[in-house]
Amino acid sequence: MMDLNTIIQILDSTIRLATPLLLACLAGLFSERAGVFDIGLEAKMLVAAFFSAAVAATTGSVWLGLCAGIAASVVFALIHGLASITFRGDQLISGVALNFLASGMTVLIARDWFNEGGRTPALIDGGRFQPITLPFAEALSGVPVLGPIYHDLISGHSILVYVAFLMVPLTWYVLHRTRFGLRLRAVGENPGAVDTAGISVVRLRYSAVLIAGVLCGIAGAYLATGLAAGFVRDMTAGRGFIALAALIFAKWRPWYAMGACLLFGLLDAIGNRYQSIELLGIAVPGQFMQALPYILTVVILAGFVGKAIPPRAGGAAYVKER
Amino acid sequence: MTLPRWADVVLIPLINLFLALLVSGLVVLLIGEDPVNAMKIMVNGAVGSSYGWGYTLFYATNFIFTGLAVAVAFHARLFNIGGEGQAQLGALGVALVALSLPWPHWTVALPFTILGGAVFGAAWAAVPAYLQARRGSHIVITTIMFNFIASALLVYLLVSALKAPGMAPESARFPAGTFLPSARDLFGAFGISFARSPLNVSFLLGLVACYLVWVLLWRTRLGYEIRAYGHSEPAAIYAGISPFRIIMVTMLISGALAGLMAVNAVQGEAQRLLQENVLGAGFVGIAVALMGRSHPVGVLIAAILFGALYQGGAELEFETNVPREMVLVIQALVILFTGALDNMVRDPVKGLFLRLGRRPGADVKAAE
């Protein structure tokens with residue numbers, strides 16, 4: 001059937017495809033755990049993808065590109081914070097608006113800046129994140145089974161991939177082992193109690209939204225400068241929503257988020273490689289594979305496989321008692 | 001403290017719209033074009049000729065249906081973000097009906113395609129509605145997921161069961177008996193010349209839908225229950241209104257309205273099923289409902305405004321360096337300012353009314 005090489009190739013591509021999902025998913029995790037719903041993950045990733053590619057193409061430095069991407073994403077996060085925290089507006093509507101804004105604005109600026117019909121020039125050499133070879137990867141590649149796994153699967157990704165996966169324990173630690181994390185989770189469950197304790201709800205929520213901005217910025221930058229070589233219109237292609245789905249699938253917990261993102265990444269990788277798959281004698285069409293993350297999320301939301309309960313204060317602005 | 005009604009319904013939406021246009025103007029300025037000139041081109045392109053009007057009202061017809069869909073759900077405090085998917089399924093329903101029989105005349109076909117679009121749209125809204133009503137699954141998330149599932153479903157059907165011979169992933173052309181008369185035909189019958197455009201009788205259907213939604217919401221017991229539920233769920237339950245029933249019925253109506261968009265876009269214009277039949281109109285419905293303050297008259301006005309925006313945007317791209325995506329930006333800013341940043345305008349306006357020494361609260365009480 002499938003040999004080890006094929007499996008490694010599919011898993012390798014799973015890790016690449018899961019990386020932007022994971023970063024965006026953790027972004028959503030911070031924001032929603034603090035009680036700010038964020039359906040604008042897609043928007044933040046998209047502006048970050050564009051500005052990182054644009055700056056990397058113009059300056060030739062992918063690091064400057066990364067910074068520009070994060071900055072753009074943070075600006076969008078601030079707009080979301082302004083609308084949903086300061087002006088107590090509807091968080092969902094703000095997210096919808098930002099998604100449109102990103103989709104229109106990136107193409108608008110891209111056309112004006114590069115004149116290539118809404119894309120950036122293809123990135124070369126220093127404009128992209130290069131794969132990193134981990135220590136001993138070459139030396140160990142001869143070892144049967146484990147050698148190729150280490151050499152081809154674990155080693156040889158760009159730095160942002162490792163950053164994304166290191167963010168998982170870090171997120172867990174920050175949320176569950178620090179005072180900031182405790183307060184952050186509290187503000188998503190019962191902001192009144194946090195306020196009573198003399199801690200600023202507004203400041204906590206803004207920090208969560210800003211962290212989400214930074215993480216989405218990295219996700220978008222990886223998309224345009226690591227996974228692809230440049231920006232094309234609407235290149236996020238619904239990944240922000242898949243990340244949102246993964247977040248619900250993981251029931252707002254970091255380690256499970258990684259599992260969910262890897263699962264959705266795997267579905268994507270298999271869908272990319274095979275047009276249709278024979279499963280128990282039935283041909284499963286590729287479109288079904290594409291829709292599977294969404295279908296699974298609906299099933300989870302329906303509570304047939306464990307119930308997904310969002311943070312209790314999510315979606316509501318906090319109005320201080322006057 | 002509340003604002004006088006005219007300020008709430010007219011003044012604040014206008015200030016919001018003005019702010020959105022102001023920021024859009026800045027964007028136009030930044031890409032090196034003259035905003036005033038751009039505005040002139042857009043207005044002229046949208047309403048300066050019967051050709052412009054034809055396209056403006058054609059787009060407006062789509063937005064009337066999707067806007068009403070979002071508005072009806074808003075009244076029950078449900079955010080139906082799934083208009084896009086429901087309209088895609090509505091397109092499937094319309095196409096299945098249109099392709100099923102060799103229809104003799106459009107007047108025979110129309111009631112059935114209306115039914116097809118409405119039933120399929122409603123069916124696509126039924127699952128998220130049920131999950132919200134019975135299992136408490138957040139309807140915003142489930143309807144987003146259903147948008148993607150709908151899109152995958154249509155792509156699949158158009159490369160398999162419904163695919164017409166040839167390269168393109170689209171269905172066969174509908175029989176000629178389903179073609180709706182265009183505005184050109186209708187005006188021509190009275191000897192008035194009207195440019196060729198996709199505007200067709202569905203626009204009248206949209207007007208009827210506006211009226212029926214108004215009747216439903218403000219002249220029937222069901223509409224009262226929907227609004228009561230939206231104002232206060234505990235009060236509605238106390239009054240014996242079943243939340244399950246209200247959520248289901250409201251979402252079915254909402255989905256049906258979104259599905260009806262396909263009568264205009266698919267039967268009226270494309271005359272075949274494509275992979276993308278809705279082209280974002282489901283999302284424009286959100287902007288339209290927000291601007292129209294969820295009232296059918298407001299939705300109608302906002303839909304025509306957005307129709308003009310889409311048509312004007314197309315002309316703008318034709319005549320200047322401003323690409324079509326400008327429309328998306330304006331649309332986003334309208335949603336942002338009217339929907340999410342509403343308090344940014346509302347709070348200062350309230351303060352102003354207080355400072356002017358009037359007692360707006362008293363006005364409203366007197367009016368009631």
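## Contact between chains B and A, and the build of chain A

The contact takes 34 residues from chain B and 36 residues from chain A, two residues being in contact if their C-beta atoms, placed from the backbone, lie within 7 Å. Five helices of chain B each supply at least two residues of the side that touches chain A, and they are listed here.

| Helix of chain B | Residues |
|---|---|
| helix 5 | 106–135 |
| helix 6 | 139–159 |
| helix 12 | 281–291 |
| helix 14 | 325–340 |
| helix 15 | 342–355 |

By class, this side of chain B has 25 nonpolar, 6 polar and 3 charged residues (nonpolar: Ala, Val, Leu, Ile, Met, Phe, Trp, Tyr, Cys and Pro; charged: Asp, Glu, Lys and Arg; polar: the others, Gly among them).

This is a predicted model, in which local features need pLDDT of at least 70 and side-chain atom pairs count only at pLDDT 80 or more, whereas totals for chains, interfaces and linings use all residues. Residues are numbered from 1 along each chain as its sequence is written, and chains are lettered from A in the order in which they are written.

Chain A has 13 helices and 4 strands, which are DSSP runs (H or I, at least four residues, for helices; E, at least two, for strands) numbered from the N terminus. Buried residues, those with 20 or more other C-beta atoms within 10 Å of their own C-beta atom, placed from the backbone, make up 52% of its 322 residues. In helix 10 of chain A, 20 of the 27 residues are buried, so this helix is largely enclosed by the rest of the structure.

How values were computed:
Buried ≥ 20, exposed ≤ 12 C-beta atoms within 10 Å, placed from the backbone.
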